Amino acid sequence: MRAIASFMKSSARLGSVPARTHGRILRGTTLYTGPSRSCVIRPRTAGPYEAGNLKAFIHTTRQTYAETFKHTNRLASEKSPYLLQHAHNPVEWYPWGEEAFRKAKVENKPIFLSIGYSTCHWCHVMEHESFQNEETAKFMNEHFINIKVDREENPGVDKLYMTYVQLLSGRGGWPLSAFLTPQLEPFFGGTYFPPGDQYGTPGFRTLLERIVEIWEAAPDKLRDDAQKNMGQLREYFESRSTGTEDAASLLNPKGLVDATYKHFEKAFDHEHGGFTDAPKFPTPVQLEFLFDFYGYNKTNQTHAKDAQTALEMALFSLKKIAMGGIRDHIGSGFHRYSTDKYWHVPHFEKMLYDQAQLLTSYVTAYQITKDDGYANVAKDIIRYVSRDLQHSGGGFYSAEDADSYPENDKSKKLEGAFYVWEAKDLKRILGDRDAEIFGQYYGVKNDGNVNPALDPHGELKNQNVLAEHMPLDDLANKFGITVEETASVIDNARKKLWNYREERRPKPHCDDKILTSWNGLMISGLAVAGQAFRDQGALDLAIDAANFIHKELYDANDHSLLRTYREGPSTIAGCVDDYCFMIQGLLDLYQATFEEKWVRWAYDLQQKQNELFYDQTHGGFFNVAQNDKNVLVRIKDGNVFIKCSNKSAKHNVMIEQDGAEPSANAVSLGNLVRLGTLLEQEEYVNMARRTIGSFSASITQFPHAMPALLRSFMLMVNGIKQIVLTGHDDAKVEPFVKVVSENFMPNKLVARAKDKNGIVAKMNPVIAQLALEPDALAYVCENFSCGLPIVSAEQLRIKIADKE
């Protein structure tokens, strides 16, 4: 942590930055709103993460200008930035919906389904190569009904057809390209297809022609095959659902947890951190599992050594991630993943869900170690999302693109152009001496520091991706100056580069779509950070985001959620991850604020989630509601292991394991345990048992693929350690709050027994009784009983540290 800590002591004090505008496009005589090209900044009251009183926040503005388009399709009426990016393709795209389905049936044409998202690099490539090609588009329009889907708007559609493609080919990714019958049943699919034939593999145009030939020659055969495909998918998913409390009781939680720990111990990269070679993803779900493993086993003599190893693996990985090029060392935040094993050369897109989960991981690391290096990285993430991804109403945008124009007068976007530097430019901006010190610290080379093997298109030639290369004290010794002077040089250099980047370089496109699910993750991260750091600024960000979702994407009459917001709420109903991620965020927000309105809302959402998504027969939660008839198979987000029956396919397919985001069932299981305990809902506890039981086959075979589900299972097995705080004087209760906030416990649930008329007291008789207590006291309740009252914060500190 030496390099992190010394660097973060001199974290950037950013000056004011110029405003940017988005485009408002005049199409014929109709004014419509086009996709945003970047996130922009305008003055507001300074926040706690805008050091130097930076008065700025991100919102979306638009500038009106006239532009003539040769083609305009139905996507021009959509709100998704991804769909709007394709609104002027010559392809006659339809959004997912009845109009396209009806036309396919009437004209008896196959459907070409293309699924992606706005910051997807290869989606942009395929659009440029094929969907903008006039001849290819003409052929597609004549022979297919072409549907474009934003996977972030319609995850249920994406998951179904991605499952099919993974079964077919053994791999998946985006863009997803699938061919369907008019009844929406798939008969062929893949991911990215190059425009022309190469290396004996047919290109996209050849593929289109062959599918048309087969469709016209033997349409009934294709329909029969597609029906069989869907029937096999249904049978498989149904066969995997055991879902009884007996199934849960037959699981061996200790064996599953130990096996998962051993898997990560064996896979751990001792030199660079993480658990794979290349590419390397941060995978916070794995790090959080290791933290919980440590928390449950650190005082167990049998497992104490393994617990310490688990902790060290997680901490070392976070340290290496923070030092690497996967982190934006000039503008804060983290890129999606590293293309190499060193965390050095990233894929440069920035996703909200990564920022949210990494924020939680760095906060947890700080709680355990009290190392300010981890806290500073966490605050750096908060600085980034509050500055670059926040809507004026409080919600958070989804992502920033990897590609951008290197200069204002350039016509071609390049990956990473906004973030990388040539050595000569650093000398010009910083001066020779400061550039030399800065370059030594971040591993800058005159001919660039990117391995050409990682740059197949030559976009990063002579460029440097900044990654911490030398500790500050070693650097200071090398140049014969103090550590403080060295840190000051680097800090000032970062300020200059920030200003240069903001003033001279076009920003990457910002996907300013606001997703309920990812905002739920961000609310969790901010609430956990605000609680741990006792930071009202972070809590205010979480509260603003929750209030935005409540105002714009929640129906208080029937307690339902909508999925997305962009220039107003969408009409897309919320999916299961929207509900469970928001519920998790609200429970974390309650523990940070003790405002019971968040528990009330979480309970209402849980009731609605149970109604819409719960499998009453086998347990667990489906990804889409039962009334969604356009998704032919309802899948449970968790883990499904599929053994291919295709003899030529020498692979097995892991689908929907905990990965970039925790699975919906993993989060739902934890929510049911926490809410069931806090509100004494025995029904929730039973649903939790049946939920883990519904995944008994998968979790037994591949527990390491389901670390988030195992975390929730550990919570269920170990039980909640509920800390109830009493007292009518907030000032006297505050020392107790500080103790429980600063300490890490994987099964901690903090409640304030104060409002005898609130939802918690009404549903929990113990808390109702404790709410009458006027003195500042703490009670630790577990295993269905509460201990004696704790009268001081120091006694509480000893108690929760298991040192009594």
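I began with the S-S bond of Cys120 and Cys123: the torsion about that bond is about 80°, so the disulfide is right-handed. The model I am reading is a predicted one.

**Entry 1: disulfides**

I then looked up the distance for this link, and the sulfur atoms of Cys120 and Cys123 are 2.3 Å apart. A pair of cysteine sulfurs counts as a disulfide within 2.5 Å, so this pair is accepted. How much of each partner is accessible? Cys120 has a relative accessible area of 3% and is buried. Cys123 is buried as well, at 2%.

How many disulfides does the rule give? I noted a count of 2. Cys781 and Cys786 are also joined by a disulfide, with an S to S distance of 2.0 Å. I looked up its torsion too: 100° about the S-S bond, and the link of Cys781 and Cys786 is right-handed. Is each end buried or partly exposed? I found Cys781 buried, with a relative accessible area of 9%. Cys786 is partly exposed, at 35%.

I checked two further cysteines for burial. Cys575 counts as buried at 8% relative accessibility. Cys580 has a relative accessible area of 0%, and I wrote it down as buried.

**Entry 2: salt bridges**

Side chains of opposite charge can pair when their charged atoms come close. I searched the whole structure for such pairs and noted 41 salt bridges. I followed up some of them one by one.

I took Lys70 and Glu134, which form a salt bridge with their closest N and O atoms 3.6 Å apart. The limit is 4 Å, so the pair counts. Where do the two partners lie? Lys70 is in the loop between β5 (62-66) and α2 (81-85), and Glu134 is in helix α5 (residues 134-143), so the salt bridge ties together parts that are 64 residues apart in sequence. I looked up the accessibility of both ends. Lys70 is exposed, with a relative accessible area of 71%. Glu134 is partly exposed, at 36%.

I went on to Asp328 and Arg501, a salt bridge with 3.0 Å between the closest N and O atoms. Asp328 sits in the loop between α12 (304-323) and β11 (337-338), while Arg501 belongs to helix α18 (residues 483-504), so this pair ties together parts that are 173 residues apart in sequence. Are these residues buried or exposed? Asp328 is buried, with a relative accessible area of 4%. Arg501 is buried too, at 2%. Buried means under 20%, so I could settle both residues from their values.

I then turned to Asp615 and Lys636, whose side chains meet in a salt bridge at 2.7 Å, N to O. I found Asp615 and Lys636 in the loop between α22 (597-613) and β22 (640-643), and the two are 21 residues apart. I listed the accessibility here as well. Asp615 counts as buried at 7%. Lys636 is buried, with a relative accessible area of 9%.

**Entry 3: a network**

Which residues are linked in a network of salt bridges? I wrote down Asp150, Glu152, Asp511 and Lys513.

**Entry 4: looking back**

I set two of the pairs side by side. Lys70, in the pair with Glu134, is exposed at 71%, whereas Arg501, in the pair with Asp328, is buried at 2%.

Terms used
Residues numbered from 1 in each chain as written. Predicted model: local features only at pLDDT ≥ 70, side-chain atom pairs only at ≥ 80, totals over all residues. Heavy atoms only, no water. Helix = DSSP H or I, 4+ residues; strand = E, 2+ residues; numbered from the N terminus. Buried < 20%, exposed > 50% of the residue type's maximum accessible area, 1.4 Å probe, protein only.
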